[in-house]
Structures are given as structure tokens and as C-alpha cells.
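User: Please take a close look at one part of this model for me, the surroundings of one aromatic pair. Then tell me how that fits with the rest of the chain.

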Amino acid sequence: MNVTVPFEGIGASVRRKEDLRFLTGRGQYTDDLNRPGQLHAWILRSPHAHARLGRIGTAAAAAMPGVLAVYTGQDLAAAGLGGLPCGWQVTGKGGKVMAEPLHPVLATGKVRHVGDPVALVVAETRAQARDAAEAIEVDYAPLPAIATIGAATAPGAPALHDEAPDNICFDWEIGDAAATDAAFARAHKVVRFDTTNNRLVPNAMEPRAALGEYDPNSGEHTLWTTSQNPHVIRLLMGAFVLKVPEHKLRVVALDVGGGFGSKIYHYAEEALVTWSAAQLKRPVKWTAERSESFVSDAHGRDHVTHAELALDQEGRFLGLRVATLANMGAYLSTFAPAVPTYLSATLLAGVYTTPVIHGQVKAVFTSTVPVDAYRGAGRPETTYLLERLVDVAAREMGMDRTEIRRKNFIRPDQFPYQTPVALQYDSGDYEATLRIALDAADFAGFEARRAEARARGKLRGIGISTYLEACGIAPSKLVGQLGARAGLYEVANIRVHPTGSISVFTGTHSHGQGHETTFAQLVTERLGVPFDQVEIVHGDTGKIPFGMGTYGSRSLAVGGAAMVKAMDKIIAKGKKIAAHLMEAAVEDIEFSDGQFRVAGTDRSKAFAEISMAAYVPHDYPIDEIEPGLEETAFYDPKNFTFPGGCHICEVEIDPDTGEVAVVNFTACDDVGRVINPMIVEGQIQGGLAQGIGQALIEHTVYDRDGQLLSASFNDYAMPRAKDLPSFQVSTSATLCTHNPLGVKGCGEVGAIGSPPAVMNAVVDALRDYGVTHVEMPATPVKIWSIIHQGRSGADLPAAAE
């Protein structure tokens, strides 16, 4: 009987193997872990946005039942702990290095945002720790809050940090200002545009948690944490905060329930539980409550931007000028300075042949939660600016929205394409993704749908976004010159067991992307090993040689490439063993489909036969080849990868309520080679949900005193199923030219291309009201005000509620 073996390699929609444990409740998250003798931590946080710290009275709390210790910032300073480090240094105009004030683990001297940690209580139970925290007496002397970029940059504004008396962290620029000015001087038309990219709270399903443990016999610390990059946490916490050797610090990230960037960073709670466990010689655990996450997890976006686009008479782009004020929050989070600069301004060319560009970024400290990368990290901000600006230009030039884009696209025959803002794109076909999306969305038939909606009393609009992003940030040498304080390579260790099954140890980390499936498919494709005989191991610095984690859609482009390099070493060694066993020259050995063959003959050895020979070397050239079959490879990319595509959104607005409904959404994305189509589609749909959420409902609101008004799900709207249509998702691939897989990345494209498509559609629906711009989010009350109060849309603040 012939048995058909299912295809499970590259291109197969293999079901995710990790889902079984998640769906049956057998996943293991940090909060699921409990250690013998475990204690519980509770953190007292500041209720003030800006205040001087006076006396912190801990005696009453320390005397309460079950309490083992109460620590303040003074205790940590006396113990020699350092501050939380920033992982990226930006050098601004004139070579001036950014202001980098201390980010204390527990506040000292002042508190600088609501939620700033002030004291740590450790007790036998969580309830005891919480009760004791309420008994701590803190003398606050309130200072004026600086809750917005405008307040921070106003003349005479109070300084949040002595190191930045004007609240400016850095003033940075890119591009040729003089050449850009010259292009504007000869322009037929200059289009000007102002916008705010609204602040977001990440809100992963799993709140952050951390559990520290200390072994007094060995002096080893262990931290279990909800992290996207355990090795980076170990490096930063060990070297800069706890100041312990890395070999004495193990960081483990178990299953992680979503991250979206918010779990990249080194947080105070990780250092607190690790340090206090060593002080008390017992494990210490902390788990955030959801309301705590709103004021302790790094937020995203929050840019205020002015842009100008110069065009000739035919609508070709001559030059672009962009000035951005980027909110850093109260302190510099781990990679915050990179987001508005090297992850955003370097993409100001987008998919267009704009010959000259000048960008300026001023980073501002405010008395708010620190801001860092959130799904897309700088690329959504730039894409939103460009794609709204192009629509404005089309209107002012009297051109069709697709015509102006096509006229300015980078053509396929222009790759590799050097942009005027540092980056060189290696491949792409923006006309193809636009064409596919227009056809799939029935763009040509839209006016008939608009008329039908008008007959029902609804306003219908359609919006286009043609975008590009950068993934797999690299190479290490370049980013080091640009301020990165870590390498951006990846590692893979491939361990072939005697019977031919395989364990892959990867420095990337999965927090929902499906690595255990996709990476196993790579091994199946390359080595011919059955899919169910491949194990993927990640998230443990005690098992993985080293790794830089997962962010920026780097897992396949960088981590997968490291796996390919390691597998090539496995194959090369396997050929030597096979040549000996089959008495042939190594040069005559071929490998494919899990078989080593002597070229031109019927002699072959299965992969499992070679692996057994490697570990049972009875007939083995032991003087020439070491026993065993295990290889490690590091991969440092030569360049970013550049996914791109076209998103088209169709909305209907109810003029009686102002409610915006997304009725159709079409996406065609070029993510390079697709390994698992089902996973790619799922990743894109997830990103679309977040992008639509930002465009229509999500917004972080502070009052003038720095109090977070949108501090829970009662006040911060998250997208639900009713807010989303059934997406039409497709891909059109051009391969990356500089990694062995040809992959580009898919984890963030949905969140990058969708917000401008939605907002272009909203503006299109309101065209009869003279609306030229609406700030995100396009909430019902904002849209109702535009329709019924004659507001222009541009004069309504982002938080018009």
C-alpha cells in the first residue's frame, strides 16, 4: 500500500504545532510558574505626574503581617544598583550627543510620570504585599506636569530632567537641507501637511510578569520573564543594573502571550525581583494587573509632524521636507531613540523616487509613560505621513490618486535603489501590488457603490496606501556607527540526534508568530527530516549560545538565515561521512530530499544513517572528522529587508451617529518568499486589526495634570470583531537578494499600511463637507462634529471625544 507523505516544507500551510498546547490550556506562561518558597512583590507607584520625593515612611508597611522587606530607591542606590540602560544613542546636530538622564529602577529625588515606581514590598502573599504598599507614607511635593509635546516645548516650561533643561533629548537631522531647499525653489507646487500620530497602549493579551530566583550555593541568578529577547535582558540587566557576570545570570522567557514590541525592553520589575530574590534568598514573583500595565508598559507612536512636498507641473516629486517632534515620555526606554530616527526618517522616500529629502527629528521628554517601539516601530509613522501627504498632493494637483503614485513609483528596473536618506532598497515591484489590490478591491466599480450607499443615507469612501517598510535591522557594523549598543545578528545551533531527529536552538523568540512550525518547515525543506521530528528551542539563555530576540520582523530574515548557515554546515559534514561510508570522493556526494548520493550512481545513504554513524563511529574516519553532528552559525545581515505592498480600505459613515464602518479591506503585500501561507495571512490580518484600531478607536489621553484618562479598557477602546471586515489578503513576491531564503518579513506590514488607507477612505467619504484631513482616531463624536458642526476635521484634536 502506498502512503502519501504530506508536503510540509517551504510553501505549505502546515497547521501550527504549538497551537495544541495553547488551545488545550497547557501553555506555560511566566505567571503559571511557581517556585518553592516563593514570595510576592507589589510595587507602589506614583500618583503624580511630576513631583519631588520627600520622606518615604516604610516602618508601618514593614511591620505588617507577612512582609519580609520594603525597599526604596535609596536602598537600591546604597546596594550599588545602576539605572535602566538605553540601548541606542543618537548623535544630533553638530555632533551633540543626546541627553541621557538616569532612569532609576525605583524613583530617587523626583517622580516623573504617573506610575513611576517608588517602593517595592515583598511579602508571603500578593494580598499582603499590596496591603502593605498602601501603608507606605510618601511625602510628595507636586511640580507642574508636562503632559504633552506642546507643554514640554513651550517657553518657560519646567524641566523634567536637569540634563535636558529645555526638555529636548536630541535634535537630529538626515538628508541634504541645501539641495532640498533648491528643489523647493524651482517647484511648481508645494503641498503642506500637519499631522499627529496618536499615542497607543500595546495591550498584549498576557500582562507582563517576572519571577526572580537566587542560588546561594552557586551565586547564580535566574529570571523568568515575559520577554521578546532574553539575551538582551541578560546583557543589559547583568552589566548595567545588577552588575553581575553574565554566566551568573540566566534569563528564561517561557510562552509569551503577545508582545507587539512592548516586551522587548528591560523593565524595572525584572531587576527588582531578581535583586530582591538574592537579598531574601527566596524566589520573588511579580505579575502586573491590567490597570498597572497601562502606566508601566512602554507606549507607542506619539509624533507631531509638519511636512512639505515639492512637485513639478506633471506631478513628479521634486523634494520632501519633514520636521517631527517625537515624544520620549519621562525616560529613555531601551530602544526609544532609534524609533523616530533610524527606523522612521530613513524611510521618508517610501516607494517613491523623490530625489532629495531633508528630515529633522526633535525628541522631547514629557511627564508621561516612556514611549518605545510598537508594532512597526517608526515605519507606521512615516508611512502614515507619506500616504496621507500623497493624497493631499493628488487633490491639490487635480490628479487621480493612483496616477500620482504610479508616476512617482520606483520601477523594478531601478533596483538596487539608493534613496537620499541612507537606505538602499534591493528589490520590489510596487506597480504589481497596486494593480493586484485595485483589481481585488474592484476599485473601478467603487463609484457605483458610493452612489448606492448615498441612496441609503450613508457616506462611502475609499482609500489607498502604497507602502514600504524595513525589517531585520542590520548590519551590526552600520547600526553600531549609528548608535546601537548591541549587535543585530542572530544565532542558530542545529543538533542532530543519532536517529536523525533534530533540535534547533534559536536566539529569536516566539510570542505568537508560529516559530515552532515555520522553523521546523525550514529544516524539513533543507534536510529532508520529517516535520514531526524537528524540535524548536528558544527563550532560555542557559540553552541558546546567544541571540538578539524577536522584533522588527527579523525572525526569518535573520534567525532563519542563521539556521540555513548552520544546516549547510551539517550537510557539508554529512557529505564527508557519506563519502567515507560509500567509498567515494566528497566532491561526488550530492544531497537532496534527505539522501546523500554518489553522483551518477544508485548508491545512497539516508540522513538518519549518516547521523547514526556520526554518533556510533564504528566505521568512521575519526582521525579526520570529529564524532557528532552539531553545528552553530551566526548570521549578520548585509542590509535591511524591504517588504512593501498596497492596502485599500472602503468605509461607510453613518452621518446621524458619526460611526465609521470598515466594509471592505484589501491587502496585497510583498513579504518575499512565503514559508507558510496560512501563518503569513494570520500575521497580516493581526496587523490590519491593530492598524484599523489606531485609525478609528485607539487613543491614549492625558489631562493637563499628566493623569492618564484612558487608563483601562473602560476608557481605552480596543478593536473587536464588529469593528473589522473579512479581509482580502494576498501576496506578490519579489525575493530579498541578500539573504539565503529570499524572505523579507510579514509581522508588521498589516499595521504599517492600513492606518493611512483607512484615513484616506474617511477623508474621501467626507469630501462633500470640504474635509481635507481628519486626525486619528476617527471616532464617532469627531466625525459627527465634522458633519453637524461644520468643523473642517483638521481643526479637531486627535482626542476630540
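Analyst: Quick bit of vocabulary: helices (H or I, at least four residues) and strands (E, at least two) are DSSP runs, numbered from the N terminus. That lets us place Pro 777, say, in the loop between helix H19 (749–765) and helix H20 (780–789). Bear in mind that this is a predicted model, so local features need pLDDT of at least 70 and side-chain atom pairs count only at pLDDT 80 or more, while totals for chains, interfaces and linings use all residues. Residues are numbered from 1 along each chain as its sequence is written, and side-chain values use heavy atoms, with hydrogens and water left out.

Now the close look. The pair I'd pick is Phe 415 with Tyr 430, which is edge-to-face, with 5.9 Å from centre to centre and 70 degrees between the planes. (Rings of Phe, Tyr and Trp, the last by its six-membered ring, pair if their centres lie within 6.5 Å; planes under 30 degrees apart are stacked, over 60 edge-to-face, and the rest tilted.) Phe 415 sits in the loop between helix H11 (401–408) and strand E16 (417–418), and Tyr 430 belongs to helix H12 (residues 430–440), so the pair ties together parts that are 15 residues apart in sequence. Both Phe 415 and Tyr 430 are buried (under 20% relative accessible area; exposed is over 50%, partly exposed in between, with a 1.4 Å probe and protein chains only). The two rings also have company: ring pairs link Phe 415 and Tyr 430 with Phe 317, Tyr 352 and Phe 409 into a cluster. Across the whole structure there are 21 aromatic pairs.

The backbone right there is worth a look too. Phe 415 is joined to Pro 416 by a cis peptide bond, with omega at about 0 degrees, and Pro 416 lies in the loop between H11 and E16. For context, most peptide bonds are trans. Another cis bond links Met 776 and Pro 777, where omega is about -10 degrees.

Stepping into E16 itself, we meet Gln 418. With a relative accessible area of 42%, Gln 418 is partly exposed. Leaving aside neighbours within four places in sequence, Gln 418 is in contact (heavy atoms within 4.5 Å) with Leu 423 and Gln 424. Trp 275, by contrast, is 143 residues away along the chain, and its C-alpha atom is 48 Å from that of Gln 418.

On the other side of H12, look at Asp 442, in the loop between H12 and helix H13 (446–455). Asp 442 has a positive phi of about 50 degrees although it is not a glycine, and at 41% relative accessible area it is partly exposed.

Zooming out, the chain has 20 helices and 28 strands. Of its 801 residues, 61% count as buried. Among contacts with a separation of 6 or more, 79% come from residues 24 or more positions apart. The C-alpha trace spans about 85 × 75 × 55 Å along its principal axes. A compact globule of 801 residues would have a radius of gyration near 28 Å, and the chain's 28 Å agrees with that (taken over C-alpha atoms; the globule rule is 2.2 Å times the number of residues to the power 0.38).
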